[in-house]
Amino acid sequence: MKRMLSGIKPTGQLTLGNYIGAIKQFIAYQDEYEMIVFIADLHALTLPIDPKELRKNTKDLISVYLACGLDPNKVILFKQSDVHEHAELGYIMACNSYMGELSRMTQYKDKTSKIKTNDSIPTGIFVYPTLMAADILLYDADYIPVGIDQKQHVELTRDLAIRFNNHYSETFIVPEPVLSKTGAKINSLSSPDKKMSKSESDKGTIYLLEDLNITRKKIMSAVTDSENEIRYDMENKPGISNLLTILSALTNKSIDALVEEYKGFGYGVFKKAVADVVCSELEALQNKVKEIQESNVIEQILADGAQKATYLARKKLSKVYRKIGLN
Ligand code: TYM
């Protein structure tokens with residue numbers, strides 16, 4: 001069975017972008033692949049974060065994984081910082097990478113462009129893709145389901161794996177990114193030409209665990225255009241196209257079928273339909289999250305997951321150490 005791996009970092013609150021671009025894919029593939037899903041908590045340290053917030057986000061993230069239907073009997077679910085091999089291989093990957101290739105990462109350029117000129121840029125943001133490469137290569141993962149913003153990091157992982165294999169002989173599987181057919185990039189509701197993200201304006205971002213009255217308001221006031229025609233045209237109608245993408249991802253209906261279904265309807269009716277679907281999906285999710293957080297299952301699931309992940313990671317890291325002369 002081929003292996004699939006992915007993770008989400010517990011910075012900020014989880015968004016509808018994380019849900020559609022990543023989590024829904026994990027669920028869809030858990031029967032088809034040997035699946036490893038983790039909480040990328042070391043990655044959450046690349047920008048300053050309050051320890052209390054990090055703990056809360058971590059608990060929310062594992063609860064959302066479980067509430068969405070990730071089954072700990074099928075999937076290895078763990079917290080990255082519980083498996084110290086990630087940091088160890090991360091260092092080796094950093095030694096195996098070049099400043100040039102890391103400074104070409106779009107996400108690094110985007111994030112650092114938002115830092116004021118005289119403020120220091122944390123080194124963690126720069127080397128973070130090498131830790132992500134370690135996350136993937138430790139487990140011989142074949143496929144990596146991610147949103148489009150992470151594709152470049154998976155491509156860098158491929159380059160690092162090939163470089164290491166060429167230098168030290170065959171060691172790592174070269175992984176492939178897997179993008180959701182619709183929904184690899186969900187955009188902001190208030191600036192529909194930009195990605196919906198944890199750090200974007202609150203108005204444009206739907207948070208999975210937010211009050212659903214607020215969710216509905218955000219969707220009803222999503223920025224659209226002055227035509228009154230529902231069709232998919234990302235360039236000229238990014239707002240409506242983004243809402244079509246969201247509706248398509250959540251209903252599993254194709255965009256063409258939705259365009260046909262809403263032909264002749266105004267934007268108000270269409271937005272209400274999107275709001276109804278999003279809110280009913282999030283309501284069910286929030287109820288399950290509440291149940292999970294009130295039960296005592298989380299710690300045991302993470303402990304079991306960490307044990308299984310450590311077994312695999314230890315084996316791989318020993319092999320790497322042997323190849324490079326550390327033992
Ligand atoms: P992170 O935490 O920023 O995002 C988690 C996942 O959600 C996807 N995503 C989106 N997809 C569609 N539309 C959006 N608006 C949107 N926003 C986020 C991301 O593409 C991602 O798949 N470095 C990673 C976490 C990570 C990882 C890994 C992933 C660490 N190690 C190893 C895969 C394999 C990150 O910061 O994702």
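Helices, as named here, are DSSP runs of type H or I with at least four residues, numbered from the N terminus. In this predicted model, helix α4, spanning residues 99–103, is one such run and contains Glu-101. Glu-101 has a relative accessible area of 9% and is therefore buried, the limit for that class being under 20%. Apart from its neighbours within four places in sequence, Glu-101 is in contact with Asn-96, Leu-156, Leu-160 and Arg-163. Among these partners, Leu-156 and Leu-160 are themselves buried residues of helix α7.

Helix α7 comprises residues 151–168. At 1.5 Å a residue, its 18 residues should span 26 Å, and the C-alpha atoms at its ends are 26 Å apart, so the expected and computed lengths agree. The buried residues in α7 are His-153, Val-154, Leu-156, Thr-157, Leu-160, Ala-161, Phe-164 and Asn-165. An α-helix has 3.6 residues a turn, so residues three or four places apart point the same way.

Ser-169 follows α7 and has a positive phi, near 90 degrees. This positive value occurs in a residue other than glycine. Ser-169 belongs to the loop between α7 and β5, the latter covering residues 176–178. With a relative accessible area of 37%, Ser-169 is classed as partly exposed. Leaving aside neighbours within four places in sequence, Ser-169 is in contact with Phe-164 and Lys-323. Phe-164 is one of the buried residues of α7. Lys-323 is 154 residues from Ser-169 along the chain, yet the C-alpha atoms of the two are separated by 8.1 Å. The side chains of Ser-169 and Lys-323 are joined by a polar contact of 2.8 Å.

A positive phi is also found at Asp-140, where the angle is about 50 degrees although the residue is not a glycine. Asp-140 is placed in the loop between α6 and β4, with β4 formed by residues 143–145. The relative accessibility of Asp-140 is 26%, and the residue counts as partly exposed.

The ligand is surrounded by 28 residues, of which Lys-9, Tyr-128, Asp-135, Asp-149 and Ile-186 are the closest. Polar approaches to ligand nitrogen atoms involve both side-chain and backbone atoms of the protein. An N or O atom in the side chain of Asp-135 lies 2.7 Å from a nitrogen atom of the ligand. A polar backbone atom of Ile-186 is 2.8 Å from a ligand nitrogen, and a polar backbone atom of Gly-17 is 3.3 Å from a ligand nitrogen. Taken alone, the ligand exposes 710 Å², and 98% of that area is buried by the protein. The elements contributing two or more residues to the shell are β1 (3–8), α1 (16–29) and α6 (123–137). By residue class, the shell consists of 13 nonpolar, 9 polar and 6 charged residues.

Helix α9 is made up of residues 238–251. Its 14 residues should span 20 Å at 1.5 Å a residue, in agreement with the 20 Å between its end C-alpha atoms. Of these 14 residues, 13 are buried, so α9 is largely enclosed by the rest of the structure. Just after α9, Asn-252 adopts a positive phi of about 60 degrees.

The loop between α8 (212–220) and α9 contains Met-234. The relative accessible area of Met-234 is 32%, which places this residue in the partly exposed class. Beyond its neighbours within four places in sequence, Met-234 is in contact with Asn-187, Pro-192 and Ser-241. The C-alpha atom of Met-234 lies 8.3 Å from that of Asp-193, although the two residues are 41 residues apart in sequence.

Lys-272 is located in helix α11, which runs over residues 267–294. Its relative accessibility of 43% makes Lys-272 partly exposed. Once neighbours within four places in sequence are set aside, Lys-272 is in contact with Arg-216 and Met-220. Lys-272 and Met-220 are 52 residues apart along the chain, and their C-alpha atoms are separated by 6.7 Å.

How values were computed
Residues are numbered from 1 along each chain as its sequence is written. This is a predicted model: local features need pLDDT of at least 70, side-chain atom pairs count only at pLDDT 80 or more; totals for chains, interfaces and linings use all residues. Side-chain values use heavy atoms; hydrogens and water are left out. A residue is near a molecule or strand if one of its heavy atoms lies within 4 Å of it. A polar contact is a pair of N or O atoms within 3.5 Å; within protein, one must be able to donate a hydrogen and the other to accept it, and residues adjacent in sequence count only if both atoms are side-chain atoms. Accessible areas come from the Shrake-Rupley method with a 1.4 Å probe; for residues, only the protein chains shown count as cover. Ala, Val, Leu, Ile, Met, Phe, Trp, Tyr, Cys and Pro count as nonpolar, Asp, Glu, Lys and Arg as charged, and the others, Gly among them, as polar. The expected span of a helix is 1.5 Å times one less than its number of residues. Buried means under 20% relative accessible area, exposed over 50%, partly exposed in between (1.4 Å probe, protein chains only). Contact means heavy atoms within 4.5 Å.
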